[in-house]
Amino acid sequence: MSSTDNTQPAPLMIVGEVASSGLARGPAMLCDCARTQTAVPLRQVSAEVQAEVERFDAAVLAAEGKLREVQESVRRTLGKDEAEIFEAQVLLLRDVQLRDAVRALCLEKRMNVEAAVEEAIKQLMDLFGRLEDPYFRERATDLYDVGRRLLDHLAESGLPDVPVVHEGCVIITSEILASVVARLEGQGVRGLIVEKGGLTAHATILARSLGIPTLVQVPEATAKIRAGDLVIVDALAGRAFINPQADILRKYDQVDANLKAHQGVLKGLIGLPTVTHDGVEIKLCANIGQNADALAAANVKADGVGLYRTEFVFLVQDHFPSEDEQYQFYRATAEHLQPAETVIRVLDVGSDKPLSYFPLPREANPAMGFRGIRLLLAHPTLLHTQLRAILRLSASHPVAILLPMIDGIDELRAAKAAIEHAKEELAAAGQSFDPLIPVGAMIETPSAAILIEHLADEVDFFSVGSNDLVQFLLAADRIRGEMKSTYDPLHPAVIQVLAKLATVARRKGTPISLCGEIASDPTYTNLLIGLGFRSFSVSPGRLLDIKHAIRSTDLQQAEKLAEQVLSVHSTRDIRAQVQDDWNRRRPVASPEFNGPTGPVGTSLAVRHNVARQRFEAQAGESAPAFLSYRAEGERVILKHTFVPDALRGQGIAADLVRVALEEARQRHWKIVPRCSYVAGFIERHPEFCDLVDRQEGNLD
Ligand code: PEP
Ligand code: MG
């Protein structure tokens with residue numbers, strides 16, 4: 001829906017996955033945060049529309065000047081006729097139709113000029129491409145060229161590729177890139193709602209470390225939410241309310257107050273020891289990506305940095321940082337945590353986390369392709385430069401080297417040989433470093449997990465990268481949110497592997513820490529301690545939550561939970577146990593939205609009678625209760641609810657509606673509640689509001 005649509009906003013609830021927990025409230029801002037640096041940025045503009053049009057005029061002038069230069073050099077080298085070709089492009093640049101189209105897009109759709117140019121060129125190319133006359137069809141190529149030239153000039157005029165956000169807004173986007181989130185810091189974004197996205201994608205990890213409440217996997221968010229809509233992001237329960245009614249706002253005022261009170265409790269934990277209720281010490285470090293994370297980690301008194309993802313240092317550059325630049329970056333970070341240790345992971349990029357200036361071949365399965373240590377071993381200079389920077393820092397700061405994506409002994413030895421080579425070179429040049437710098441391996445491939453016993457003989461420590469380990473153990477992409485029902489860290493195979501890793505590492509006397517995202521989610525803390533982990537590295541924004549969870553558990557409880565979980569073999573059952581354990585301990589919960597009669601519940605089963613297009617429940621020989629519907633294309637009209645006298649007063653109507661709505665969600669139906677009982681039910685249960693076809697089903 002466009003931002004110029006003036007209809008009264010309707011209340012709506014949509015659901016998603018909690019990627020970074022918390023609560024946020026603010027006006028919606030629709031952005032396209034999935035475009036790469038080289039792609040055309042899309043922003044919404046408001047007052048500055050005229051300025052955008054002026055930028056277009058300036059770009060036309062600049063592009064024409066450049067074209068004239070090219071034309072002149074072609075004339076000198078090739079001749080007059082060839083130079084004439086450029087005349088056509090100059091004419092296209094000055095074309096009033098193009099200018100009008102760009103202007104209209106800026107004004108009507110409130111697009112920034114880059115996006116408007118891209119769109120206008122596309123529209124004109126489509127138009128030219130459809131014409132019979134080959135002369136005009138060829139002009140489509142010229143148009144494309146002209147568009148590129150204009151965009152180049154607009155890019156030179158220094159526009160950021162990150163959305164210029166309005167302070168206090170909630171960003172709504174179809175997808176988001178890590179490089180974009182990295183630049184949102186300090187811009188006052190209150191919340192993020194992403195249509196796609198996965199819980200362990202790097203963009204999500206960053207949002208978490210910036211403490212921005214984030215929901216991912218929110219289908220059609222950009223279509224359902226309009227710019228300026230008031231949005232509550234409930235990243236506790238995994239839902240968002242759009243233009244909520246007063247009673248919902250009041251309930252969230254209360255949750256907000258509870259959260260603030262809890263945050264006060266969390267602040268009080270800074271400086272207290274990280275021990276379980278019964279005194280078991282746990283090491284709690286921070287995962288960091290940028291300097292600001294290190295500061296945040298220092299502020300909450302983390303026990304050190306357990307994972308420094310150096311790819312973020314590379315990600316925010318437009319060139320490979322030199323040895324000195326890297327040294328300065330790492331030093332600034334390690335400085336914050338002194339005298340605690342900073343574990344620096346060597347660059348873990350590849351085609352799953354690309355660098356704009358590092359041309360890599362496209363791969364069909366990038367996560368399983370050329371990445372991590374494999375990529376570094378194939379580019380020894382890149383690895384060597386980074387190792388030298390880290391080693392030089394080790395002369396003055398307690399740092400350790402962590403090797404990502406190790407798949408076995410040979411890779412580990414090759415990486416260690418590269419470290420020795422860098423040491424020798426520094427020694428020969430008389431530069432100091434710590435000769436005993438600890439070297440650790442990430443356990444994030446199934447092969448490394450299987451071989452942990454042998455790897456233990458050759459490393460100083462382990463760090464379990466559960467984000468990747470889960471994806472490889474379960475053959476489920478961590479980035480594609482659609483895989484979320486398969487990508488589940490509570491799969492029994494994952495639990496068994498984690499238990500084995502903790503046990504073997506302890507037996508071998510090799511320190512082991514868990515740094516994947518499950519360590520940052522307090523839902524799992526009890527279980528992970530029970531499985532044998534005594535060291536975690538977590539997102540700085542979550543560190544105090546985890547500390548709170550650790551301090552409110554005890555080892556006996558934790559081991560009991562782990563034992564129960566290890567004895568069941570269904571993910572669903574494990575999740576039920578872990579969730580139940582967490583629900584009993586969670587400090588702040590989201591409000592419930594049950595109707596006045598509370599949760600419904602009858603013992604009658606509801607069945608879907610597809611042939612008769614109705615949901616039915618029947619007791620013995622009595623007439624069935626039913627909810628009838630009619631399918632109209634993608635929309636399903638919920639027509640009528642009927643409960644015979646003999647079955648009244650048992651909550652059967654509510655059961656029918658609930659089952660129908662749950663099925664509607666699974667089948668991606670858009671429903672139209674023509675039946676007043678259904679409409680009332682949805683009003684009392686806003687978790688189903690998002691199913692309603694807004695065209696007909698406004699709830700106000
Ligand atoms: C992991 O895989 O769990 C991990 C910590 O590494 P990354 O998320 O950076 O791949
Ligand atoms: Mg990993």
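What follows is a chat between a colleague and a modeller about a predicted model of one protein chain.

Colleague: Before we get into details, what average pLDDT does the protein chain have?
Modeller: Keep in mind that this is a predicted model. In the protein chain, 86% of the residues score at least 70. The average pLDDT comes out at 85.

Colleague: Which residues have a pLDDT that stays under 50, with 16 contacts beyond four places in sequence?
Modeller: One stretch under 50 is residues 1-6, but the model has 8 such contacts there. Where pLDDT is low, the predicted coordinates should not be read in detail. The stretch with 16 contacts beyond four places in sequence is residues 594-602.

Colleague: How many helices and strands are in the protein chain, and what share of its residues count as buried?
Modeller: The protein chain has 25 helices and 21 strands. As for contacts between residues at least 6 apart in sequence, 67% join residues at least 24 apart. Of the 700 residues, the share that counts as buried is 54%.

Colleague: Let's look at a helix pair. Are α22 and α23 roughly parallel or roughly antiparallel?
Modeller: Helix α22 covers residues 555-567 and helix α23 covers residues 571-585. Their axes come within 9 Å and cross at roughly 160°. Angles over 145 degrees fall in the last class, so α22 and α23 are roughly antiparallel.

Colleague: And what is the handedness of that crossing of α22 and α23, and how do the residues of the contact divide?
Modeller: The crossing is right-handed. On the α22 side the contact is made by Gln-557, Leu-561, Gln-564 and Val-565, and α23 brings Ile-574, Gln-577, Val-578, Asp-581 and Arg-585. Sorted by class, the residues of this contact are 4 nonpolar, 3 polar and 2 charged.

Colleague: Ile-574 caught my eye. Is Ile-574 buried or exposed?
Modeller: Ile-574 lies in helix α23. Beyond four places in sequence, Ile-574 is in contact with Leu-490, Pro-492, Ile-495, Val-565 and Val-568. Its C-alpha is 9.8 Å from that of Ala-562, which is 12 residues away in sequence. Its relative accessibility is 0%, so Ile-574 counts as buried.

Colleague: On to α14 and α15. Which class does their crossing angle fall in?
Modeller: These are helix α14 (residues 380-394) and helix α15 (residues 409-428), with axes that come within 9 Å and cross at roughly 60°. That angle makes α14 oblique to α15.

Colleague: What does the contact of α14 with α15 have by class?
Modeller: α14 passes α15 in a right-handed crossing. From α14 the residues are Leu-383, His-384, Leu-387, Arg-388, Leu-391 and Arg-392, and they meet a set in α15 including Ala-418, Ile-419 and Leu-426. By class, this contact has 7 nonpolar, 2 polar and 4 charged residues.

Colleague: Is Asp-468 buried or exposed?
Modeller: Asp-468 is found in helix α18, residues 466-474. Setting aside neighbours within four places in sequence, Asp-468 is in contact with Arg-371, Met-405, Glu-444 and Arg-478. With a relative accessibility of 3%, under the 20% cut-off, Asp-468 counts as buried.

Colleague: Which residues does Val-90 touch, not counting those up to four places away in sequence?
Modeller: Val-90 is found in helix α2, residues 80-93, and at 0% relative accessibility Val-90 counts as buried. The C-alpha atoms of Val-90 and Asp-142 are 9.8 Å apart, with their places 52 residues apart along the chain. The residues Val-90 touches are Glu-64, Leu-67 and Arg-68.

Colleague: Now for backbone oddities. Is the peptide bond from Gln-338 to Pro-339 cis or trans?
Modeller: Pro-339 is found in the loop between α12 (323-337) and β11 (342-345). Most peptide bonds are trans. With omega near -5°, the bond from Gln-338 to Pro-339 is cis.

Colleague: What is the phi of Asn-243?
Modeller: Asn-243 sits in the loop between β8 (239-242) and α9 (246-267), and at 15% relative accessibility Asn-243 counts as buried. Most residues other than glycine have a negative phi. Asn-243 has a positive value, near 45°.

Colleague: Last one: is Gln-613 buried or partly exposed?
Modeller: Gln-613 is found in the loop between β17 (607-609) and β18 (614-617). Gln-613 is not a glycine, yet its phi is positive, about 50°. Its relative accessibility is 28%, so Gln-613 counts as partly exposed.

Technical notes: Residues are numbered from 1 along each chain as its sequence is written. Chains are lettered from A and ligands numbered from 1 in the order in which they are written. This is a predicted model: local features need pLDDT of at least 70, side-chain atom pairs count only at pLDDT 80 or more; totals for chains, interfaces and linings use all residues. Side-chain values use heavy atoms; hydrogens and water are left out. pLDDT is the predictor's confidence in each residue, from 0 to 100. Contact means heavy atoms within 4.5 Å. Helices (H or I, at least four residues) and strands (E, at least two) are DSSP runs, numbered from the N terminus. Buried means under 20% relative accessible area, exposed over 50%, partly exposed in between (1.4 Å probe, protein chains only). Axes are lines fitted to C-alpha atoms, for helices over the stretch in contact, and angles run from 0 to 180 degrees between N-to-C directions. Angles under 35 degrees count as roughly parallel, over 145 as roughly antiparallel, 65 to 115 as roughly perpendicular and the rest as oblique. A crossing is left-handed if the near helix is turned anticlockwise from the far one by less than a right angle, and right-handed if clockwise. Ala, Val, Leu, Ile, Met, Phe, Trp, Tyr, Cys and Pro count as nonpolar, Asp, Glu, Lys and Arg as charged, and the others, Gly among them, as polar.
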